[in-house]
Amino acid sequence: MAKVLLVNPALAYSTWNAGFKQPSPDNIFIRLGLAYLAGALKARGHEVSLADLRTLSGWEEYEELVKRMSPEFIGVTMHSVEFTPAVEAAKRAKKLLPKVVTVAGGIHPTMFPEECLETGAFDYAMQGEGEISFPLLVEDPSQFPKYFWGEAPDLDKVPFPDREIWTDFKTRINCEPFGISQFSFPLPMAEIINARGCPYNCKFCCGPGEHQLYTKVTESGKRVPYIRGRSVSNVIAEIEMLIEKYGIKSAMFHDDQFIMNPQWVSEFIKELHKSGLVKRGFKWVTSSRADIICRNDELIGKMADAGLLLLIVGFESFSPRILQWFGKGVTPEQNSRAAEILHKHNIKVWANYILGIPTDTGWHKEDDLMTVEGVLRADPVHFSPAFYTPVPGSGLYDFYKSNRLIIGDEGNERLSNRGAMDAKVKGVDYEFLKALMVTDTIFA
Ligand code: B12
Ligand code: SF4
């Protein structure tokens, strides 16, 4: 049996001592990837604990925790924006416990394993999914090279995520994570994910990273994207378990794209009714694209009847130029039509959109004005703007990197600790954009 400490270095969009007072997804949500790893490790008899940096007061408390837990293995998950705190957490642990084996995993180490190892903070970098291979690594690290691919699991066979590595889990699920002023969700609310990966290739998004993260090896030995979901019965069983154990009344489905397979969604809806979950008042929220919403008007209506209260829509922009630059495959008209369909079915709209995007012709404030106008017309219950982040691994990252457009990138900081509303790209008038900020509280 190995003693494993998992680290959530979520200091990029959250902070030390985040607490629950300021409701935001970044402060409240757990990390399903770590919970899945914990479930898989515990199923093989390993002892697992968690250092979620947001719940601590600073590095001093983190070091005390590491000393107290005295783990043999430390597994650090990492999004690109978390590179700096993730490396720091591993380095500090190594200083305190020279024999500890440190492992980096998640989307950033999947794309850039050598960069992670070069920091000297990690003994191993694991690429891809960890449920099968991480437990094997902690059982016999000598069998593994410095970086290696994890084996893709059968999603119906892996243990459900072990959410209780968050010792504050029961408090966490009773905090409304969205902070929407005109609307609130029935609590407790749990997070669930069905599908892994997304078949689209929007250029601002780390789709290519996900195509590396969720992969399998074909019979001819080629590594290919492996986008897949769970069976309807497996998802329903997880909901029932969450109701029985924690009394949840709602769930957030974290799929990139919930309506990837409309037939699966239809079956899921049927099962929600058949199992009595709809009658018992179970509610849910998830995400989809505008073009998919437009193609599935009737299905959206059925989703509403089955308890869907809110849909997060990645409108991204209402400027044709920007939508094209982003390769989103959606028009401003589809964005507006999607909002109409959702309103018709009484589903609240959460608008995700991006401002401050210079293209090869520079930054044009008209694009952002068009976006804000379009979003206002869409009448969302929640406005969720972000200033454009050139995410490493995304299709557009090289354009901004090679044209030296990324602010503060000289030290290769990987945009660490940069919040959604911080300046990221040169040539954008962020003061002008701040004046354009619309929040739902304005309308409350
Ligand atoms: C839910 C979600 C969020 C939620 C919650 C985040 C969270 N705490 O999980 C919220 C809304 C807060 C969020 C915010 C952001 N997100 Co987000 N998010 C997701 C999403 C849709 C699902 C994550 C998930 O649960 N996956 C399912 C689990 C099971 O998979 P997993 O996390 O990959 O874990 C597996 C493996 O990676 C591996 N693994 C993971 N960790 C470790 C550790 C070790 C030691 C090992 C061995 C293995 C291992 O094993 C796990 C099990 O198989 C992903 C896309 C995706 N499908 O993954 C984007 C994604 C992770 N987000 C992304 C981005 C860009 C952001 C934001 C920067 C967005 C923004 N501009 O505001 C912020 C930053 C937040 C932060 N602190 O990093 C990018 C990251 C790209 C990158 N290069 O890092 C992704 C990939 C989306 C995309 N395609 O662009 N996000
Ligand atoms: S933006 Fe959404 S639809 Fe496009 S690639 Fe990313 S997750 Fe998929």
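This passage describes the fold of the predicted model, its two domains, the surroundings of its ligands and some local backbone features.

Because the model is predicted, local features are reported only at pLDDT of at least 70 and side-chain atom pairs only at pLDDT 80 or more, while totals for chains, interfaces and linings use all residues. Residues are numbered from 1 along each chain as its sequence is written, with chains lettered from A and ligands numbered from 1 in the order in which they are written.

The overall fold comes first. The chain holds 18 helices and 14 strands; helices (H or I, at least four residues) and strands (E, at least two) are DSSP runs, numbered from the N terminus. Its radius of gyration is 22 Å, close to the 22 Å given by the globule rule for 444 residues, so the chain is as compact as a globular protein of that length. Here the radius is taken over C-alpha atoms, and the rule is 2.2 Å times the number of residues to the power 0.38. The C-alpha trace spans about 60 × 55 × 50 Å along its principal axes. Of the 444 residues, 43% count as buried, a class that requires 20 or more other C-beta atoms within 10 Å of a residue's own; exposed residues have 12 or fewer, partly exposed ones lie in between, and C-beta atoms are placed from the backbone. Among contacts with a separation of 6 or more, 77% join residues 24 or more positions apart, where a contact means that the C-beta atoms, placed from the backbone, lie within 7 Å.

The chain is assigned a domain 1 (3-149) and a domain 2 (173-443), with bounds that come from an automatic or database domain assignment. Their centres, taken over C-alpha atoms, are separated by 25 Å. The contact between them takes 22 residues from domain 1 and 25 residues from domain 2. On the domain 1 side, helix H1 (25-28), helix H4 (83-96) and helix H5 (107-111) are the elements that give two or more residues. That side has 15 nonpolar, five polar and two charged residues; Ala, Val, Leu, Ile, Met, Phe, Trp, Tyr, Cys and Pro count as nonpolar, Asp, Glu, Lys and Arg as charged, and the others, Gly among them, as polar.

Both domains also meet around ligand 1, whose shell draws at least three residues from each of domain 1 and domain 2. In total 44 residues surround ligand 1, the closest being Gly 33, Gly 75, Gly 105, Gly 130 and Cys 206; a residue is near a molecule if its C-beta atom, placed from the backbone, lies within 6 Å of it. Elements that each supply at least two residues of this shell include helix H2 (32-43), strand S3 (73-77), strand S4 (101-105) and helix H9 (207-213). By class, the shell around ligand 1 has 22 nonpolar, 14 polar and eight charged residues. Ligand 2 is surrounded by Cys 198, Tyr 200, Asn 201, Cys 202, Cys 205, Gly 207, Asp 256, Gln 257, Arg 289 and Gly 314. The shell around ligand 2 divides into four nonpolar, four polar and two charged residues.

Next come the local features. Most residues other than glycine have a negative phi, and most peptide bonds are trans. The peptide bond from Leu 187 to Pro 188 is cis, with omega near 0 degrees, and Pro 188 sits in the loop between helix H8 (169-172) and strand S7. Met 189 belongs to strand S7 (residues 189-192) and counts as buried because it has 25 C-beta neighbours inside 10 Å. Leaving aside residues up to four places away in sequence, Met 189 touches Ile 173, Ile 248, Ser 250, Ala 251 and Met 252. The C-alpha atoms of Met 189 and Gly 247 are separated by 9.0 Å, although the two are 58 residues apart along the chain. Gly 247 itself comes just after helix H10 and takes a positive phi of about 65 degrees.

Two asparagines also have a positive phi. Asn 17, at about 55 degrees, lies in the loop between strand S1 (3-8) and H1 and is exposed, with 12 C-beta neighbours inside 10 Å. Asn 346, near 65 degrees, lies in the loop between helix H15 (332-344) and strand S13 (348-355) and is likewise exposed, with 11 other C-beta atoms within 10 Å.

Conventions: Two residues are in contact if their C-beta atoms, placed from the backbone, lie within 7 Å.
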